[in-house]
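Me: Could you take a close look at one loop for me, starting with how its borders are set? After that, I'd be glad if you walked me on from there through other parts of the chain.

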Amino acid sequence: MANPYAAGAGTGTIMANVRGDIGNDVNSPQGRLDETGLTTAEVTRRLLAYTRPHMASLVASFIASAVSVILQLYVSIVVGRAIDCMVSAGGVDFPALMPLLRGLALIVVGAAVTQWLSGYCTNRLTYKTVRDLRVDAFARLRDLPLSFVDAHSHGDLLSRVVNDADQVGDGLLQGLTQLFAGVVTIVGTLAFMFSISVPVGLVVVVVTPASMLVAWLIARYSAKSFKDQQALQGSLGGYVEEMVGSQKLVCAFAYGDRAQAGFDDINQRLLRVGEHAQFTSSLSNPATRVVNNVTYAVVAVVGCICVISGWPSVLTVGQVQTFLSYANQYMKPFNEISNVVTQIQTAYASARRLFALIDAPAQSADPAEPEVDDSPQGALEFSRVGFSYAPDRPLLHDISFSAEPGQTIALVGPTGCGKTTLINLLLRFYDVDAGQILVDGHDTSRMRRDDLRSLFGMVLQDTWLFRGTVRENIAYGTPDATFDGVVAAAKRAHAHKFIEQLPQGYETLLGEDGGSLSQGQRQLLCIARVMLADPTILLLDEATSSIDTRTESQVQDAFDRMMEGRTSLVVAHRLSTVRDADCILVMRDGHIIERGTHDELLRRGGFYAELYESQFEGTR
């Protein structure tokens, strides 16, 4: 089977392919993310915009770099004069040589200090710029609609924020330092060379285009390989992230060999592309050095002719040595730029990926004049709501129901009928395609998302715990909660007993996603978190599915007490947990086909009765 990650697709894209939702669609979210359309000039302009707030470091770096280069260039003149003091007919001219040596020592120290200062300022500029890039990238991740995140590999998104930002920093650090220092070196050496001898200086200048042409052709040839390399690195990150995150399933389904084969496929493609990129870019340095060595040899020959014959220019031995030194220094920037062309091209490829994320369309903005629910009561109303994840495949059709404050509404039905989707719409993780949802008479689309979501407390079938203490995890939604409040919530959720058995009790540090806790214990902590938040409306999506029967009974009692006076929306597959609901909505194929209390629906003998009978027929 073809590797679905080979084109950089994430879980959402893979599952869509399995369902047949999308094919090789360039308009898919994954395609839109990778196609930035930014030219090199546009990427450069945007990177420079990020350096603008740190202009003081930039200016200081440029000044220090210019001074350092000029001092290093002046060293060659002093050395040439010193050589002339030692090769004259009368022997070594010590009175003239000693001041030159003292001056040389001061120049070398000054060049070293200014070079260090230039590096310090450049590092400061670079890391602050990368910090700002990461801030914008993470802020965009926070503002992206859930549909976008679902459609892209999480590992690839993480790679953009972490790895690609680092690559931009490395390239920016190398490129900025060497580009400016190189320009100053080229201009400075030309000025010094022409001040000594115009004819010999022209020999160096004439050969320059050959070196530049070689470096440019090689860089252009290898650019596409670096772009492909960065894309494959993102794909590999996404694949590894999902395999590691689902390791238990990989082992349970004996998928290890196939997972390894999938990894090897991407890794081999990355190896081939990386080898090609590194090989082509590595040609630049030796190729330009060949041209530079030819230039050095020509300058040496012409300089010797000048010393011996005085044609086409009169030069001393020391001046020839100065010219040879300048010939090396003049070509050095071209060698350095070609030597770091790999990092520069990688940085630009990474910058395009990073800007693609930053430019990704954010979720719709909150209204300028939002409606505010000043006295939340918990009244809910769905009015003719329609929704689809894919435009050509409607999921919800004309959904209408209401819940009075304090009522418990249960949603039941087969998998995939749209129960959880209703909760996603209620919390505005997705926006409705048609109709409207009202909370206490306020259209949710006219409310700020944060204001809306603050009204709800949610416990999902899938638990989420972060790396932190048990107390911090329970207080996640209520950061100002007291320790006594945390303990009280844990007791109500029947989690207090097992928490006290942990090594440090409530201060026990949990690993990622709960570490070694059982699934049931993790869910109890999530339930305690909601109980501590004390929300107006409860959303329970299979909230007790991972808890044993005895504990479920205890937690259900706690939920019953908590639900008193609160509106509750309960999604359940085990119909025994919703028998006491004020109204049960039975869903099928995106429609509400039945509604009523448990007894009413059983007497009706419809689809709900069939579901109920199928669950309990084995217990009779």
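Reply: Happily! Helices and strands here are DSSP runs, at least four residues of H or I for a helix and at least two of E for a strand, and they are numbered from the N terminus. Please keep in mind throughout that this is a predicted model.

With those borders in hand, let's go to Asp589, which sits in the loop between β11 (583–588) and β12 (591–596). What is the sign of phi at Asp589, which is not a glycine? Phi is positive there, about 55°. That is worth a look because most residues other than glycine have a negative phi. Is Asp589 buried or exposed? Its relative accessibility is 60%, and the cut-off for exposed is over 50%, so Asp589 counts as exposed.

Another aspartate makes a good companion to this one. Asp440 has a positive phi of about 55° and is not a glycine either. The loop that holds Asp440 runs between β4 (434–439) and β5 (442–443). The surroundings of Asp440 call for another word, though: its relative accessibility is 19%, and buried means under 20%, so Asp440 counts as buried. Asp589, by contrast, is exposed.

Staying with the backbone, there is also a peptide bond to point out. The bond from Trp311 to Pro312 is cis, with omega near 0°. Pro312 belongs to the loop between α11 (284–309) and α12 (317–339). As a general matter, most peptide bonds are trans.

From loops, let's move to charged side chains. Side chains of opposite charge can pair when their charged atoms come close. The model has 15 salt bridges by the rule used here. One of them joins Arg471 to Glu507, with the closest N and O atoms 2.9 Å apart. This pair connects distant parts of the chain, 36 residues apart: Arg471 is in helix α16 (residues 470–474), while Glu507 is in the loop between α18 (496–500) and β8 (509–510). Both partners are partly exposed, Arg471 at 28% relative accessible area and Glu507 at 40%. Salt bridges with shared partners also build a network, made of Asp156, Arg160, Asp164 and Arg353.

Two further bridges show how the partners can be placed. Arg448 pairs with Asp451, with 3.0 Å between the closest N and O atoms; Arg448 is partly exposed at 31%, and Asp451 is partly exposed at 27%. Arg131 and the adjoining residue number, Asp132, form a salt bridge with an N to O distance of 3.2 Å. Here Arg131 is partly exposed, with a relative accessible area of 43%, whereas Asp132 is buried at 18%.

The helices are the next stop. Two packed helices are described by the angle between their axes and the distance between the axes. Helix α4 (residues 55–86) packs against helix α5 (residues 94–143) at an angle of about 160°, with the axes 7 Å apart. Angles over 145 degrees count as roughly antiparallel, so α4 and α5 get that description. In passing α5, α4 makes a left-handed crossing. The contact of α4 with α5 is made by 22 nonpolar, 10 polar and two charged residues.

A second pair is arranged in another way. Helix α17 (residues 483–492) meets helix α19 (residues 519–533) at about 125°, with their axes 8 Å apart. That angle makes α17 oblique to α19, and the crossing is right-handed.

Two residues bring together parts of the chain that are far apart in sequence. Leu47, in helix α3 (residues 40–51), is buried at 11% relative accessibility. Its C-alpha atom is 9.8 Å from that of Phe355, 308 residues apart along the chain. Asn424, in helix α14 (residues 419–426), is buried too, at 15%. Between Asn424 and Leu146 there are 9.6 Å from C-alpha to C-alpha, with a sequence separation of 278 residues.

Lastly, the cysteines. How many disulfides does the count give? It comes to zero. Cys121 is buried with a relative accessible area of 7%, and Cys417 is buried at 1%.

Terms used. Residues are numbered from 1 along each chain as its sequence is written. This is a predicted model: local features need pLDDT of at least 70, side-chain atom pairs count only at pLDDT 80 or more; totals for chains, interfaces and linings use all residues. Side-chain values use heavy atoms; hydrogens and water are left out. A disulfide is a pair of cysteine sulfur atoms within 2.5 Å. Buried means under 20% relative accessible area, exposed over 50%, partly exposed in between (1.4 Å probe, protein chains only). Axes are lines fitted to C-alpha atoms, for helices over the stretch in contact, and angles run from 0 to 180 degrees between N-to-C directions. Angles under 35 degrees count as roughly parallel, over 145 as roughly antiparallel, 65 to 115 as roughly perpendicular and the rest as oblique. A crossing is left-handed if the near helix is turned anticlockwise from the far one by less than a right angle, and right-handed if clockwise. Ala, Val, Leu, Ile, Met, Phe, Trp, Tyr, Cys and Pro count as nonpolar, Asp, Glu, Lys and Arg as charged, and the others, Gly among them, as polar. A salt bridge is a side-chain nitrogen of Lys or Arg within 4 Å of a carboxyl oxygen of Asp or Glu.
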